[in-house]
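Reader: I would like to go through this model one question at a time. Please keep the answers short and end each on the value or name I ask for.

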Amino acid sequence: MNKSNRSLTPSSLDPMFTPRAIALIGASESQSSVGHALMTNLMRSTLLLFPVNPKRQRILGVTAFPSITAVSEDIDLAVIATPAATVPGILRDCAHRGVRAAIIISAGFRESGAE
């Protein structure tokens, strides 16, 4: 099926609303960060969780990955909690990796101008 024939169906939204595996890009140990709050909340679920942070090998006791491309499992949803300037590159990596959906939790897009 080519892109022009794709239609939005309830099952096409499954990666967003009923993911099996989530990559949290911007996971953090810093208690004052959004990445920490997201990590602690996602750890309460039964989903497969893959924290991504290039500066840490573990986040809250969970093995962390330096980038989304280093995760070997299939990822349904990427939750991106990083500065706005990093988001385009992360989205490219997610697309290359085959991640099916993404949620961006970031600030600073307005300040970046029209581009």
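Author: A definition comes first: a residue is buried under 20% relative accessible area, exposed over 50%, and partly exposed in between. The model is predicted.

Reader: Is Arg 56 buried, exposed or partly exposed?

Author: Buried means under 20% relative accessible area and exposed means over 50%. Arg 56 has 39% relative accessibility, so Arg 56 counts as partly exposed.

Reader: Which residue forms a salt bridge with Arg 56, and how far apart are the closest N and O atoms?

Author: The cut-off for a salt bridge is 4 Å between the side-chain nitrogen and the carboxyl oxygen. The partner of Arg 56 is Glu 29, and the closest N and O atoms are 3.8 Å apart.

Reader: Where do Glu 29 and Arg 56 lie, and how many residues apart in sequence are the parts that the pair ties together?

Author: Glu 29 is partly exposed, at 31% relative accessibility. Glu 29 sits in the loop between E1 and H2, and Arg 56 in the loop between E2 and strand E3 (58–59). The pair therefore ties together parts of the chain whose separation in sequence is 27 residues.

Reader: What is the order of the strands in the open sheet?

Author: The open sheet has 4 strands, and their pairing is parallel. Neighbouring strands are turned against each other by 20 degrees on average, direction ignored. The order is E2-E1-E5-E6.

Reader: Which strands stand at the edges of the sheet?

Author: An edge strand here has a single partner strand, so one side of it is left without a neighbour in the sheet. The strands in that position are E2 (48–52) and E6 (101–104).

Reader: Over how many bridges does E5 pair with E6?

Author: Strand E5 covers residues 77–80. Among the bridge partners, Ala 78 is matched with Ala 102 in E6, and Ile 80 with Ile 104. The pairing is parallel and runs over 4 bridges.

Reader: In E5, what is the bridge partner of Ala 23?

Author: E1 and E5 pair in the parallel sense over 4 bridges. In this pairing, the partner of Ala 23 is Ala 78.

Reader: Which residues cover the two faces of E5, and are they buried or exposed?

Author: On one side of E5 are Leu 77 and Val 79, and on the other are Ala 78 and Ile 80. Both faces are covered, and these residues are all buried.

Reader: At what angle does helix H3 run to E5?

Author: Helix H3 (residues 87–97) lies across E1, E5 and E6. Together, E5, H3 and E6 make a right-handed β-α-β unit. The angle between H3 and E5 is about 170 degrees.

Reader: How many salt bridges does the count come to?

Author: Side chains of opposite charge can pair when their charged atoms come close. Asp 76 forms a salt bridge with Arg 20, with the closest N and O atoms 3.4 Å apart. Asp 76 also meets Arg 100 in a salt bridge, at 3.9 Å from N to O. With the pair of Glu 29 and Arg 56, the count comes to 3.

Reader: Which residues are joined into one network by salt bridges that share partners?

Author: Asp 76 lies in the loop between E4 and E5 and Arg 100 in the loop between H3 and E6, so this pair ties together parts that are 24 residues apart in sequence. Asp 76 is buried, with a relative accessible area of 5%, whereas Arg 20 is exposed at 58% and Arg 100 is exposed at 54%. The network consists of Arg 20, Asp 76 and Arg 100.

Reader: With the side chain of which residue does the side chain of Ser 28 make a polar contact?

Author: Ser 28 is found in the loop between E1 and H2 and is buried, with a relative accessible area of 14%. Leaving aside neighbours within four places in sequence, the residues in contact with Ser 28 include His 36, Asn 53 and Ile 59. The polar contact, at 3.3 Å, is with the side chain of Ser 33.

Methods: Residues are numbered from 1 along each chain as its sequence is written. This is a predicted model: local features need pLDDT of at least 70, side-chain atom pairs count only at pLDDT 80 or more; totals for chains, interfaces and linings use all residues. Side-chain values use heavy atoms; hydrogens and water are left out. Two strands pair if DSSP finds at least two bridges between them. Axes are lines fitted to C-alpha atoms, for helices over the stretch in contact, and angles run from 0 to 180 degrees between N-to-C directions. Contact means heavy atoms within 4.5 Å. Buried means under 20% relative accessible area, exposed over 50%, partly exposed in between (1.4 Å probe, protein chains only). A polar contact is a pair of N or O atoms within 3.5 Å; within protein, one must be able to donate a hydrogen and the other to accept it, and residues adjacent in sequence count only if both atoms are side-chain atoms. A crossover is right-handed if, with the strands pointing away from the viewer, the path from the first strand over the helix to the second runs clockwise.
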